[in-house]
Amino acid sequence: MYGNISIVEGPTGEQVQDDPVLLAEFEAKIQRGEKIEPNDWMPSEYRRQLIRMIEQHAHSEIIGALPEGTWITRAPGFKRKMALMAKVQDEIGHGQLLYSAAETLGKSRERMIDDLLTGKSKYSNVFNYPAFTWADTAVIAWLIDASAIINQVTNSKGSYGPYCRALERICMEESFHLKYGYDNVVALATGTPVQREMVQAALNRWWRPIMHFFGPPDKLSQHTEKLVRWKVKMATNDDMRQQFFNQYVPKILELGLTIPDTELKKDPTTGVWEYGDPDWDEFKRVINGDGPCNKERLAVRRLAEERGQWVRDALKRADEQYVTPLS
Ligand code: FAQ
């Protein structure tokens, strides 16, 4: 952005400048709190940023189903198995909603999936870690869903209509996930000494990835300034992380669990939580393909694509037959 003119690269790398009058009208509309809909004029950079963010979000949902999905066959008891199956199905459904929202901006689902499988497009750091025990799934469902809800409730008040409507629906389902996760954590935290140990160990494993989940600190974030200005992000990464501390640190401590950060404390005058360095180098490695499970996660998705190809082909053929007029 230069003043109120947005300049982005066109398909062949040339610079494309948006019409300044249209851009000013667009920004005024956003300032008035109106939604932008797919057929409305929008700067090319707004479109590009939305595709990037919604697509990454969609990928996170379908890859995010994998760590918990591996526990469906081993869930302790029939009721927990049913609940976990429903949760995993919901996550895939969220992916569908988000891919549809991203498609309204002009990128096909096939291209999005290709970009995921070739590693061109990112997805959330947290899903590149393994779920070793049942307690890992409990911590994911409670605290990762909680983090996702903080992000999604905030951004559902944003400027792009199809994304906001998808987020509203997703949050309704995620709030059930959060209750399910909390119930599992409480069962373990109030259970036998072995169960308490298991949930504490899981919390220790997930704390750092959860800190990373909200994105890099604002001072290192590349996109926040522009996205906040265009009301795609309704809060910065640090603000959302602070909201997580405010809401969930007391709940974690209430269960008698400890938080693996000796520097974590709330400044009594400002109300701001201070925390130790969560190792931002690890974050960079993980989001760039070098986490403990990146290769495995993409391999599973690749297999699912290959195995599902015949279904997509059959649907395409049926569709072609349906639209061919009878002679
Ligand atoms: N992981 O300039 P910023 C869920 C990348 S849904 C990976 O701060 P931005 C449901 C970022 O893309 C979870 N990469 O970026 C569920 C950028 O790289 P790029 C997903 C990350 O976009 C629960 C670079 O770092 N939620 O959990 C991450 O302004 C349980 C610079 O960063 C969403 O996607 C990260 N954590 O802010 C499912 C919500 N953070 O693209 C199953 C929508 C940053 O230039 C089980 N997304 N990066 O190459 C957002 O709100 C934003 O994209 C942020 C990042 C806040 C994630």
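**Ligand shell and helix 3 in a predicted model**

Biologist: Which residues are closest to the ligand, and how many surround it?

Modeller: The ligand is surrounded by 37 residues, and the closest are Lys122, Asn151, Ser221, His223 and Lys233. A residue counts as near if one of its heavy atoms lies within 4 Å of the molecule. The model is predicted, with local features needing pLDDT of at least 70 and side-chain atom pairs pLDDT 80 or more, while totals for chains, interfaces and linings use all residues. Residues are numbered from 1 along each chain as its sequence is written, and side-chain values use heavy atoms, leaving out hydrogens and water.

Biologist: What makes a pair involving Asn151 or Ser221 a polar contact?

Modeller: A polar contact is a pair of N or O atoms within 3.5 Å; within protein, one must be able to donate a hydrogen and the other to accept it, and residues adjacent in sequence count only if both atoms are side-chain atoms. A polar side-chain atom of Asn151 lies 2.8 Å from a ligand oxygen atom, and for Ser221 the distance to an oxygen atom of the ligand is 2.8 Å.

Biologist: Which helix supplies the largest share of the shell?

Modeller: Helix 2 does, with 8 residues; helices are DSSP runs of H or I, at least four residues, numbered from the N terminus.

Biologist: How do you know that the span of helix 3 agrees with its number of residues?

Modeller: The expected span is 1.5 Å times one less than the number of residues. The 26 residues of helix 3 (residues 78-103) should therefore span 38 Å, and the end C-alpha atoms are 38 Å apart, which agrees.

Biologist: Why is Leu84 called buried?

Modeller: Buried means under 20% relative accessible area with a 1.4 Å probe, protein chains only. Leu84 is among the buried residues of helix 3, including also Lys87 and Glu91.

Conventions. Helices (H or I, at least four residues) and strands (E, at least two) are DSSP runs, numbered from the N terminus. Buried means under 20% relative accessible area, exposed over 50%, partly exposed in between (1.4 Å probe, protein chains only).
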